[in-house]
Amino acid sequence: MKKLFIHHPLFRLLSPLFSGTLVYLLILLINNNVLQLQETFLGQELYVCIGLAYLIHEFSRFSLLFFERVKKPKSFFLKIMIQMITSLIMTMILVSIAMYLYFKYILLYEPNIRELYIFNIIFVFITIVYVILYLSHHFLYKINTEKITKEIAAKNEIEEDFLQFKKGINPELLYESLEAMLVLMKENPDDAEQFSDYFSTVYRYILTKQNRELVPLSEELDILNSLLLLFNNLPFRKIVFTNKVTSENWIIPSTLLTLLEIIIRTTIVSEKHALDITLEEKEESLRISFIPEQKLNSSFSMETIHDIVNAYSYYTNQQITMTIWDNLKVVDLPKLKYHENSHN
């Protein structure tokens, strides 16, 4: 809240000059002394009004800062009412004391009730205007902040949707598959037709998985076989996938597809050696293991599977782990429990 204009040095310096001058002019009008403006406009009374305006402005600002730090009452409007009443009472006390001292020791006579009454009314009105300015700016700042927050949230949501859409489309795999299909169509049309079946199976699954939270592991493995056949027709290391899981489990859609694609893309291409990947079942996890031969410019790490880690955090408190055992890189996926809304 310190960003509000009342805390700006220029406002604190200039506003009492205007309000003090306005008080002086109002007092002259009330006392029918307007003709004195040409003779004594810069007189002692003007400086007193400006000085008193500085005192009231700084006190009002201090009270606003004080009530901002006060936690009780929790009701905003009740706090404002207490703040307003306190500010008005203290303004009247300060004005009465200041004017009494000025009249008593400078003008050498005691002020009458009417004079104190006029000064108090004017400066109380200035205090009310000061607080109202603060409240109006406070609400405007709050409304604008809420609008900006909503706009930022909407922007982030759109960007996240675009990233998820881009990941779902997987443009890198899309273009590689289409290029390979064009080559196969010229060399062997029958292989191109089979390749297009693998391609359509994988992308049909990727594009329709958004409506499902969890899928059976067996269903994911069926699509994974098509993906591996697709990659075996692309210029990557040939993949040998071994599945040792016999029981039924549940998995977040495209988890295995994404993991194996990252493993394949971060492994050095070789025509002589195949990439052996094994899937096996442990007591509380599904384990993927392979011999890592990572490229120099990319590696398979927890950072590269950040989206999968986040997705699993919604379904289980267990963490996805990545370790190296006996020259094998091992990824453990926590087992997930089935619930009714998962399989639609």
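**Confidence, helices, loops and a cavity in the predicted model**

The model is predicted, and its pLDDT averages 83 across the protein, with 90% of the residues scoring at least 70. The weak spot to flag is the stretch of residues 340-344, where pLDDT stays under 50. The model still gives this stretch twelve contacts beyond four places in sequence. Where pLDDT is low, though, the predicted coordinates should not be read in detail.

Turning to the helices, α1 covers residues 9-30. How far apart should its ends be, at 1.5 Å a residue? For the 22 residues of α1 the expected span is 32 Å, and the end C-alpha atoms do sit 32 Å apart, so the two figures agree. The buried residues of α1 start with a group made up of Ser-15, Pro-16, Ser-19, Gly-20 and Thr-21, and the list goes on with Val-23, Tyr-24, Ile-27 and Leu-28. As background to that pattern, an α-helix has 3.6 residues a turn, so residues three or four places apart point the same way.

Helix α3 takes in residues 44-69, and Ser-60 belongs to it. Is Ser-60 buried or exposed? Its relative accessibility is 2%, and because the cut-off for buried is under 20%, Ser-60 counts as buried. Once neighbours within four places in sequence are set aside, Ser-60 is in contact with Thr-127 and Tyr-130. Helix α5 runs over residues 113-169 and includes Tyr-117. Tyr-117 has a relative accessible area of 55%, which makes this residue exposed, given that exposed means over 50%. Between Tyr-117 and Val-95 there are 9.9 Å from C-alpha to C-alpha, for a sequence separation of 22 residues.

The loops bring in a couple of backbone oddities. Most residues other than glycine have a negative phi. Ser-254 is not a glycine, yet its phi is positive, at about 75°. Ser-254 lies in the loop between β3 (250-251) and α9 (255-265), and with a relative accessible area of 8% the residue is buried. Asp-326 is another non-glycine residue with a positive phi, here near 50°. The loop holding Asp-326 links β6 (321-325) and β7 (328-334). In contrast to buried Ser-254, Asp-326 is exposed, at 75% relative accessibility.

Lys-295 also sits in a loop, the one between β5 (285-290) and α10 (306-313). With a relative accessibility of 27%, Lys-295 counts as partly exposed, since that class falls between the 20% and 50% cut-offs. Which residues does Lys-295 touch, not counting those up to four places away in sequence? They are Arg-265, Thr-266, Thr-267 and Ile-268. As for Asn-327, its C-alpha atom is 16 Å from that of Lys-295, with the two positions 32 residues apart along the chain.

That leaves the interior space. The structure holds one cavity of 30 Å³ or more, and the volume of the largest cavity comes to about 30 Å³. What lines the largest cavity? The lining consists of Val-309, Tyr-312, Ser-313, Gln-318, Gln-319 and Ile-320. By residue type, this lining divides into three nonpolar and three polar residues, with no charged ones.

How values were computed:
Residues are numbered from 1 along each chain as its sequence is written. This is a predicted model: local features need pLDDT of at least 70, side-chain atom pairs count only at pLDDT 80 or more; totals for chains, interfaces and linings use all residues. Side-chain values use heavy atoms; hydrogens and water are left out. pLDDT is the predictor's confidence in each residue, from 0 to 100. Contact means heavy atoms within 4.5 Å. Helices (H or I, at least four residues) and strands (E, at least two) are DSSP runs, numbered from the N terminus. Buried means under 20% relative accessible area, exposed over 50%, partly exposed in between (1.4 Å probe, protein chains only). On a 1 Å grid over the protein atoms alone, a cavity is a set of points where a 1.4 Å probe fits but cannot get out, and a pocket is an open set with protein on both sides within 12 Å along at least five of seven lines; lining residues have an atom within 4 Å of a point. Grid points are joined across faces, edges and corners, and a volume is the space filled by probe spheres set on the points. Ala, Val, Leu, Ile, Met, Phe, Trp, Tyr, Cys and Pro count as nonpolar, Asp, Glu, Lys and Arg as charged, and the others, Gly among them, as polar. The expected span of a helix is 1.5 Å times one less than its number of residues.
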